[in-house]
Amino acid sequence: MMNSCISTKEKNIVLIGFMGAGKTTIGKLVAEKLSRDFVDIDEEIEREFQIPTTEIFKQYGENYFRKKEKEVIEKYCKEKMKIISVGGGAFLQKEVRDICLIECTVFFLDLSWDAWKDRISLLIDSRPVLQGKSMDEIKALFYNRQSIYEKNHYKVLTDNLNPEEAANSIIHLLQQG
Ligand SMILES: Nc1ncnc2c1ncn2[C@@H]1O[C@H](COP(=O)(O)OP(=O)(O)O)[C@@H](O)[C@H]1O
Ligand SMILES: O=C(O)C1=C[C@@H](OP(=O)(O)O)[C@@H](O)[C@H](O)C1
Ligand SMILES: [Mg+2]
């Protein structure tokens, strides 16, 4: 069932952007500040499988993870008032882009490559897509992925914002309508 009759104020908020852009961290803060429920799609999948994402990729493969990711996103998109952080690869799937853009308010957390590369050590162990890649390959992935995030309702450049400031920017944009 589609949520097309849901008012903008009640719509889920979906955070998209490259791995490490801060979707999980900032999403939690937005949820706290707005007293809404927070859903992290990766955490939901990890809870179901009882293993981390890196293990899901190893044991079941990326295609299986993507199928599961789509199912979980479709499930939460049918709800309302949630703050949802999706993984950085979720928008690779057209069905995911379409349902999020139609049913929810989508914020792209943008970050420059220069700012992102300083975060690599925080990410390398937990992001299967980065493992075994050279810095040049990761840079190419970063730029190739930018086009999938172009379709959004709002974009927040987070280079000079701490998580709290980024969460406040999202809330400010929402309140402005
Ligand atoms: N605005 C920010 N400034 C500095 N560090 C950040 C910011 N947002 C997130 N981080 C840090 O970057 C890492 C990745 O954040 P995370 O929320 O997991 O990103 P994502 O969910 O987009 O992959 C974490 O260690 C987090 O503390
Ligand atoms: O970009 C990707 O392909 C992925 C991003 C990860 O989420 P974050 O964007 O929260 O790191 C997680 O879904 C998985 O490791 C795959
Ligand atoms: Mg995350």
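## Exercises on a five-stranded sheet

Val14 has its bridge partner in S4, namely Val106. You're working with a predicted model, in which local features need pLDDT of at least 70, side-chain atom pairs count only at pLDDT 80 or more, and totals for chains, interfaces and linings use all residues. Residues are numbered from 1 along each chain as its sequence is written, while chains are lettered from A and ligands numbered from 1 in the order in which they are written.

**Exercise 1.** Count the helices and strands in the protein chain, and give their order.

Solution. Step one is knowing what counts: helices (H or I, at least four residues) and strands (E, at least two) are DSSP runs, numbered from the N terminus. On that basis the protein chain has 9 helices and 5 strands. Step two is to walk along from the N terminus, which gives β-α-β-α-α-α-β-α-β-α-α-α-β-α.

**Exercise 2.** Work out the strand order of the sheet and name its edge strands.

Solution. Start with strand S1 (residues 13-16), which runs parallel to S4 and is joined to it by 4 bridges. Two strands count as paired if DSSP finds at least two bridges between them. Val14 with Val106 is one link from S1 to S4, and Ile16 with Phe108 in S4 is another.

Next, look at S1 and S3: they pair in the parallel sense over 3 bridges, and Ile13 has Ile83 of S3 as its bridge partner.

Then go from strand S4 (residues 105-110) to S5, again a parallel pair, with 4 bridges. Here Phe107 is matched with Tyr154 in S5, and Asp110 with Leu157 in S5.

Put together, the open sheet of 5 strands reads S2-S3-S1-S4-S5, with parallel pairing. Strand S2 (38-40) and strand S5 (154-157) are the edges, as each pairs on one side only. From one strand to the next, the twist averages 20°.

**Exercise 3.** Find out which strands helices H2 and H9 touch or lie across, and at what angles they run.

Solution. Angles run from 0 to 180 degrees between N-to-C directions, with axes fitted as lines to C-alpha atoms (for helices, over the stretch in contact). A contact needs two C-beta atoms, placed from the backbone, within 7 Å.

Take H2 (residues 41-49): this helix packs on the sheet and touches S2 and strand S3 (83-85), its direction making about 70° with that of S2. Now take H9 (residues 163-176), which lies across S4 and S5 and runs at about 155° to S5.

**Exercise 4.** Decide whether the residues of S1 are buried or exposed on each face.

Solution. Use the C-beta count (atoms placed from the backbone): 20 or more others within 10 Å is buried, 12 or fewer is exposed, and in between is partly exposed. Ile13 and Leu15 on one side are buried, and so are Val14 and Ile16 on the other, so both faces of S1 are covered. Across the protein chain, buried residues make up 31% of the 177 residues.

For contrast, try Arg145, which sits in helix H8 (residues 135-146). With 17 other C-beta atoms within 10 Å, Arg145 is partly exposed. Leaving out residues up to four places away in sequence, Arg145 touches Phe18 and Gly88. Gly88 is 57 residues from Arg145 in sequence, yet their C-alpha atoms are 8.6 Å apart.

**Exercise 5.** Describe the shells around ligand 1 and ligand 2 by residue class.

Solution. A residue belongs here if its C-beta atom, placed from the backbone, lies within 6 Å of the ligand. Ligand 1 has 17 residues around it, the closest being Gly22, Lys23, Thr24, Thr25 and Leu122. Helix H1 (23-34) and H9 each supply at least two of the shell residues, and H1 gives the most, with 4.

Now sort by class: Ala, Val, Leu, Ile, Met, Phe, Trp, Tyr, Cys and Pro are nonpolar, Asp, Glu, Lys and Arg are charged, and the others, Gly among them, are polar. For ligand 1 that gives 7 nonpolar, 8 polar and 2 charged residues.

Ligand 2 has neighbours including Met19, Asp42, Thr53 and Arg127. The tally for its shell is 3 nonpolar, 6 polar and 3 charged residues.
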